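Please take the sequence and the coordinates shown next as the starting point for a guided reading, which goes from strand pairing to packing and then to the contacts between parts.

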Amino acid sequence: MLFIALKNLFQEKTRLFISVGGVAFSVLLILILQGLLQGFSFRIGEYIRKQDADLWVGDARARDMFHSISLLSIADEEKIEGVEGVESVSPFLARQVVVATAHKETATYFIGYDATTGVGGPTKVVEGKETPSNGEIIVDRVFAGNHKVKIGDNLIVGQSNFKVVGVSTGTNLVSFQYSFVTKEDAERTLSMTGQTNYFVVKLKDNSDRERVAQEIKQNLPTVKVFTKEEFVDRNTEIVRDTFLPVVRVLLVIGFIVGVAVIGLTIYTSTVEKSKEYGVLKAIGVRNSQLYKMVFAQSLVAGVSGFLFGSLMALVVNLVIDRFVPAFITYFRLIDFGWVFLASVLMAILASYIPIRRIAMVNPAEVFKG
Amino acid sequence: MSLVANNITKVFGKGHTSVKAVNNVSLNILPGEVVLIMGPSGSGKTTLITILGGLLSPNEGSVVINHEDITKLKEDKLPSFRLENIGFIFQSFNILSALNATENVAVPLIARGISQKKATEAAQDFLKRLGLGERLNNRPSDLSGGEKQRVAIARALVTNPSIILADEPTANLDSKNGHEVMLKLCGVACEENKSVVIVSHDQRIKDIAHRVLWIEDGKLTKEEEGNHKKVCPHENLV
């Protein structure tokens with residue numbers, strides 16, 4: 001009986017278009033929101049992941065890199081180096097600061113780049129110098145775009161003046177961007193001489209990470225030692241905690257919109273065709289067969305909406321990425337998987353009321369003119 | 001006997017507002033017999049045919065079709081019973097607007113679990129028998145009233161039911177088309193020994209009926225012979 005479902009569905013092309021379009025926009029909303037959440041989370045993690053480090057050592061009282069300050073004495077470096085299995089230890093200096101452009105003051109995440117170890121460097125430089133010298137700064141492409149900053153311009157942080165010499169990508173965190181100066185400039189500008197925010201620890205091959213972490217902790221009781229994965233998780237946790245509840249609400253709204261659109265269009269179609277359903281009942285078509293027909297219509301609308309919505313999300317992502325670089329999205333296959341399941345669930349829920357309507361159709365009514 | 005109704009009574013409403021739509025009606029319809037039920041509006045014709053088709057339960061009495069008392073059948077068994085044993089023809093054709101002629105006729109076969117390919121072949125054969133060989137793929141909107149009713153007849157007959165119940169089958173047709181459609185129905189019914197019950201105001205249908213039953217205020221009041229034998233020797237009809 002599924003062919004009747006499809007024929008009914010395609011008979012009213014405008015209604016089908018509205019139904020599929022509604023679900024597609026709902027899927028687009030869900031995927032973009034989820035993509036933004038993942039993109040933001042991924043971008044924060046990406047920078048940490050790209051640092052050549054096995055362990056990160058920070059102040060035990062600091063929650064993460066962005067929302068609390070970890071302060072460690074540079075003298076602790078020796079104590080960490082002394083632990084068996086440690087190959088190298090590098091200070092990692094970074095903090096959010098106010099930067100003055102020619103137009104306004106804004107925030108940037110200011111990182112001290114040690115060119116000799118590679119710690120604290122930009123992810124990818126797309127314009128200008130790859131390594132800043134003292135008095136120079138590399139800014140993110142989104143930062144440059146947002147604040148109309150170009151190579152050769154001057155930026156002021158505190159009492160220090162920096163000349164823009166490079167532009168990087170992969171260093172945008174939506175609400176602020178990374179900027180890179182030399183380690184010495186960072187120490188001076190942040191008044192961190194003799195101090196650092198974190199130590200980045202590289203281990204010798206075949207070293208036991210757990211044991212090394214344990215020994216560092218024994219040597220320095222006020223620090224917390226993270227593996228790279230733990231540190232990524234700690235820093236992305238804040239994104240999940242801050243944005244996930246908001247995103248969840250929006251995802252639920254998107255889901256409800258999808259259910260409502262399919263539900264209303266299929267219900268309208270069911271009401272319009274209730275006499276035809278009565279005829280089918282009269283000639284002997286079972287209720288279960290009719291329910292399957294309605295569900296099939298709902299499912300086709302849901303799955304088509306998912307396909308169009310996914311395609312739209314990919315296209316929108318490409319377009320926005322080109323024109324609005326601050327828009328960070330990251331689509332995972334698993335997200336498409338669960339949005340597909342959500343679309344099927346939309347179809348199931350949306351078919352409930354039309355099915356109830358069909359259950360109430362009295363086949364004897366078809367004899368009334 | 002194909003269809004036996006014993007003392008059927010149907011009452012709508014309760015108390016002093018109740019209406020006895022069918023009042024103690026009994027009838028026997030033989031295989032191959034065409035019976036016309038006539039009566040004024042509100043006489044209970046449609047209620048009676050609805051009960052005979054197992055779409056409405058009587059308050060009293062029984063309806064036995066092919067030795068099965070359908071008034072005692074469970075609700076969930078009735079659709080299958082109708083699908084196997086009864087073909088319906090409606091006043092306003094009631095063919096599905098999204099389907100073409102062939103698909104409309106194939107619906108009851110597909111509902112019985114027959115493959116779409118075989119159902120399509122059978123539907124097309126039937127439509128050709130009814131003179132619609134050129135209209136197999138036409139939608140209802142492209143068919144005339146007479147053609148739509150022939151599609152409806154094909155749909156009613158394609159599952160080879162023993163009983164055909166037709167409610168005012170010529171009401172929406174002009175006299176030429178109405179007569180032609182009834183001759184087609186009668187021809188196929190005669191040829192395949194089916195019992196046909198037609199409810200109608202249309203006096204011309206007497207020409208194809210073996211018997212005419214008159215109903216008034218829910219009661220059968222008169223029975224007379226139809227003109228079936230005079231005009232419906234089936235070898236000349238189909």
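In which sense do strand 4 and strand 5 of chain B pair, and over how many bridges? Strand 4 (residues 60–65) and strand 5 of chain B pair in the antiparallel sense over two bridges, and in strand 5 of chain B the bridge partner of V64(B) is D69(B). Helices (H or I, at least four residues) and strands (E, at least two) are here DSSP runs, numbered from the N terminus, and two strands pair if DSSP finds at least two bridges between them.

The model is a predicted one, in which local features need pLDDT of at least 70 and side-chain atom pairs count only at pLDDT 80 or more, while totals for chains, interfaces and linings use all residues. Residues are numbered from 1 along each chain as its sequence is written, chains are lettered from A and ligands numbered from 1 in the order in which they are written, and side-chain values use heavy atoms, with hydrogens and water left out.

The pairing of strand 4 and strand 5 belongs to an open sheet of four strands in chain B, with the order 2-1-4-5 and antiparallel pairing. Strand 2 (19–29) and strand 5 (68–69) of chain B stand at its edges with a single partner strand each, so one side of each is left without a neighbour in the sheet.

Elsewhere in chain B, strand 9 (residues 211–216) has five of its six residues buried, where buried means under 20% relative accessible area, exposed over 50%, and partly exposed in between (1.4 Å probe, protein chains only). Strand 9 of chain B pairs in the parallel sense with strand 3 (residues 34–38) over four bridges, V35(B) having R211(B) as its bridge partner. Six bridges join strand 9 to strand 10 (residues 219–225) of chain B, and these two run antiparallel; here the bridge partner of L213(B) is E223(B). The hairpin of strand 9 and strand 10 has two residues between the strands, and D217(B) takes a positive phi near 50° in it.

In chain A, five of the five residues of strand 1 (residues 55–59) are buried, so this strand is largely enclosed by the rest of the structure. Strand 1 of chain A is joined to strand 13 (residues 223–227) by five bridges, running antiparallel, with V225(A) as the bridge partner of V57(A). Strand 1 also pairs with strand 12 (residues 198–203) of chain A in the antiparallel sense over four bridges, and there W56(A) is partnered by V200(A).

W56(A) also appears in the account of packing. The largest nonpolar core has 118 residues, and those with the most contacts inside it are I4(A), W56(A), F92(A), L280(A), V107(B) and I198(B); such a core is a set of buried Ala, Val, Leu, Ile, Met, Phe, Trp, Tyr and Cys residues joined through side-chain atoms within 4.5 Å. Its largest share, 14 residues, comes from helix 2 (residues 13–50) of chain A. Domain 1 (2–45 + 237–366) and domain 2 (61–221) of chain A both give residues to this core, so it lies between them. The domain bounds come from an automatic or database domain assignment.

How do these two domains meet? Nine residues of domain 1 of chain A are in contact (heavy atoms within 4.5 Å) with twelve residues of domain 2 of chain A. The two domains bury about 950 Å² between them, 64% of it on carbon and sulfur atoms, buried area being the accessible area (1.4 Å probe) that two parts lose on being put together, summed over both. On the side of domain 1, R43(A), I238(A) and A326(A) lose the most area, together 50% of what that side buries.

Between the chains, the contact takes 24 residues from chain A and 26 residues from chain B, and about 2300 Å² is buried, 66% of it on carbon and sulfur atoms. In chain A, F3(A), I283(A) and F367(A) lose the most area to chain B. One salt bridge is counted between the chains, a salt bridge being a side-chain nitrogen of Lys or Arg within 4 Å of a carboxyl oxygen of Asp or Glu; the side chains of E103(B) and K7(A) meet in a salt bridge at 2.9 Å, N to O.
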